[in-house]
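Biologist: I am new to this structure and should be grateful for a close look at one part of it. Please begin with a single residue and its contacts, and then lead outward to the elements around that place.

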Amino acid sequence: MEILVLVKQTKEWEGLPAMLNPADQNALEAALQMKDRFGGKLTVLTMGPAGAESILKECLARGADSAVLVQDDALAGSDTLVTARVLAAAAKKLGAFDLVIAGAQSIDGATGQVGPKVAALLGLPILAYARELSLEENILKIVRDNNPLTETWQTRLPALCTVVQGANKPRSAILKNKLAANRAQIPVWTAADLGLEASALVSPSTVAGAWKPQKAAVGTKLTSVKELVKVLMEQKVLS
Amino acid sequence: MENFRDVWVIAETVDGQPRRVALELLGLARKLAKEKAWRVTAVVPEDNLEAVRILMAYGADLVLQVPAGQFHADAGALVIEGLMEKYKPAVVLIGSTPEGRTLAGLLSGKLGLGVAADVRNGLWNGEQILWLRPAFDGKAMATVSIASLPQLATARPGALPLPQQQAGRTGELRTETPALPELRTLLVEAMRTPRAEDTNLEEARIIVSGGRGVGSPKGFEQLYELAAVLGGVVGASRVAVDEGWISYDHQVGVTGKTVAPKLYIACGISGAAPHVGGMGNSDVIVAINSDPQAPIFEIAHYGIVGDLNQVVPELTKELKEILHK
């Protein structure tokens, strides 16, 4: 079977280094388990800066067969819709896939938007927020949490699935694969290579400004539990 | 805004009743609609009148009912797309739940619409709406504007205040029965998760959270007790989870859950950035830590420097008396 895994390198942020998004690691692991069982080819795809090549090499080291990086200065600062258009265009250029799989959300952003946007653009049914997946005779089944319910959903391939962080234990890379991955030449595509109209690359969302919100003043030190209880009642946060 | 008008809320339901986030969205919808003398419409996949009554009581002028089971993912996107084409709403608000985020994403991808995701507010600025949402670092708020129509926006449970309900308030009810093509996706079963409330941190109004200072699984028992008295849920930092003192379902932070309760009590949590990134938007943050230099005190509204093993039980005892529990 042909599997495509969409991955993202998260931004470096105060003590947390840039990394392969945790939920995408779980998505990759789910895809590798499918490949182990059914055979076939697993491709990983990301849109990112030049440094994002490192997460693709990590995926190759864990068992992905090939990787593509879409990298273009014109795409810096793209919102999730443009990102999805780019990923969908790259996916189409790569060929038809039985299963497209991605992390449900990223730790920087966490809006859960790219997966469903790509599904809509590729015309694939979507099963989102899976914490368990199984495939039998072309039927993909997932279990997901939809508080207070646990739901089991299924669809027929080809389909897109998003996987939640913690769904499985991602395998480590073995040394032999790491060495091969480090030597791999990963193709880099630009926006022009994808044949997207310039208008498709314009984000409909604009960040107009940022500011520190006015909040209750921080840093009030209290010296007793009684004081704390009093303050909590004043703040009306108890029940 | 040309011929687009009215503010919609896509009301996700559970057990036949609107989810709380739908009611919170109705509050924002009313606020936005009022300024333009528009109506508020709730779209709901239920055919029970109680759900309709609740939606109207919380602010819906018009309720559009679609058949149950037509809300999820692909079916939901087709249904809502059809209704949007028919009615041309100016603004569509969706709860940022797994189902809602998926629906918003599908509509966005299909119709080429931008989404203001996880907003905390929306304000009119002339003919435009400025959506307020946390900036990616969690420390600041950003204003986002979207160039496409209708405006799509999502809000997390608890991010918006619950509006007042008006018990006798009524509105118009219409049933829509969109014809759908045969779809490949099917809900096989839905079961109640046991102890679901224990780890529903994303929707919790009060969280009592423990970190390295808690020290052991037994140490968490006092936090569970405090949470029970407050009607809250127990959370944890990554350290506590990694040490095996509590399960990953309770983890708060960028590699765990993002929460926005009205009260977050951080017990023995140092306050490293990845943890704060997951709870920094809590309305009131209380920190209890024996280390006066702990970074948590820089973002906590109220802090007590002390041993949580003394402070937490004392707080529980005081609250039991006051809350008559």
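**From one asparagine to the shared sheet**

Modeller: Leaving aside its neighbours within four places in sequence, B:Asn200 is in contact with A:Asn147 and B:Val233. The model under discussion is a predicted one. B:Asn200 lies in the loop that runs between β13 (186-192) and β14 of chain B. With a relative accessibility of 9%, B:Asn200 counts as buried, because a residue is called buried when that value is under 20%. The side chain of B:Asn200 also makes a polar contact with the side chain of B:Glu203, at 2.8 Å.

From this loop one may pass to the sheet. Six strands make up an open sheet, in the order β11(A)-β18(B)-β17(B)-β16(B)-β14(B)-β15(B), and the pairing is parallel. At its edges stand β11 (220-222) of chain A and β15 (233-236) of chain B; each has a single partner strand, so one side of each is left without a neighbour in the sheet. On average, neighbouring strands of this sheet are turned by 25° against each other, direction ignored. Helix α5 (residues 221-230) of chain B packs on the sheet and touches β14 (206-210), β15 and β16 of chain B. The direction of α5(B) makes about 175° with that of β14(B).

The pairings can now be followed strand by strand. Five bridges in the parallel sense link strand β16 (residues 263-267) of chain B with strand β17 (residues 284-289) of chain B. B:Leu263 has B:Val284 as its bridge partner in β17(B). Next, β17(B) and β18(B) run parallel and are joined by four bridges. Here the bridge partner of B:Ala287 in β18(B) is B:Gly303. Between the chains, β11(A) pairs in the parallel sense with strand β18 (residues 302-305) of chain B over three bridges. A:Lys221 has B:Gly303 as its bridge partner in β18(B). B:Gly303 is thus a bridge partner of B:Ala287 and of A:Lys221.

The contact between the chains extends to many residues, with 83 residues from chain B and 74 residues from chain A taking part. Together the two chains bury about 6,800 Å² between them, 61% of it on carbon and sulfur atoms. The count of residue pairs in polar contact between chain B and chain A is 24, both residues of each pair being at pLDDT 80 or more. Two salt bridges are found across the interface. B:Glu99 forms a salt bridge with A:Arg144, the closest N and O atoms being 2.8 Å apart. On the side of chain B that touches chain A, the largest share, 10 residues, comes from helix α4 (residues 98-111) of chain B.

Chain A has an α4 as well, and its cover can be described. Helix α4 (residues 114-122) of chain A is mostly covered, with seven of its nine residues buried. Among the buried residues of α4(A) are A:Gly115, A:Pro116, A:Lys117 and A:Leu122. Just after α4(A), A:Gly123 takes a positive phi of about 65°. A positive phi, near 65°, is also found at A:Tyr129, a residue other than glycine. A:Tyr129 belongs to strand β5 (residues 126-136) of chain A and counts as buried at 8% relative accessibility.

Chain B offers a further case in B:Ala37, a residue other than glycine whose phi is near 55°, a positive value. B:Ala37 sits in the loop between α1 (20-36) and β4 of chain B. At 63% relative accessibility, B:Ala37 counts as exposed.

The strand that follows this loop, β4 (residues 40-44) of chain B, pairs with β1(B) in the parallel sense over four bridges. B:Val7 stands opposite B:Val40 in β4(B). Four bridges also join β1(B) to strand β6 (residues 91-95) of chain B, and these two strands run parallel. In β6(B), B:Val92 is the bridge partner of B:Trp8. From strand β1 (residues 7-10) of chain B, B:Val7 and B:Val9 point one way and B:Trp8 and B:Ile10 the other way, and all are buried.

Two peptide bonds complete the account. A:Leu157 and A:Pro158 are joined by a cis peptide bond with omega of about 0°, and A:Pro158 lies in the loop between β7 (149-156) and β8 (159-163) of chain A. In chain B, a cis peptide bond joins B:Leu149 and B:Pro150, with omega of about -5°. B:Pro150 is found in the loop between β10 (141-146) and β11 (151-155) of chain B.

Conventions. Residues numbered from 1 in each chain as written. Chains lettered and ligands numbered in written order. Predicted model: local features only at pLDDT ≥ 70, side-chain atom pairs only at ≥ 80, totals over all residues. Heavy atoms only, no water. Pairing = 2+ DSSP bridges. Axes fitted to C-alpha atoms, helices over the stretch in contact; angles between N-to-C directions. Contact = heavy atoms within 4.5 Å. Buried < 20%, exposed > 50% of the residue type's maximum accessible area, 1.4 Å probe, protein only. Buried area = accessible area lost by both parts, 1.4 Å probe. Salt bridge = Lys/Arg side-chain N within 4 Å of Asp/Glu carboxyl O. Polar contact = N/O pair within 3.5 Å; in protein donor to acceptor, adjacent residues only side chain to side chain.
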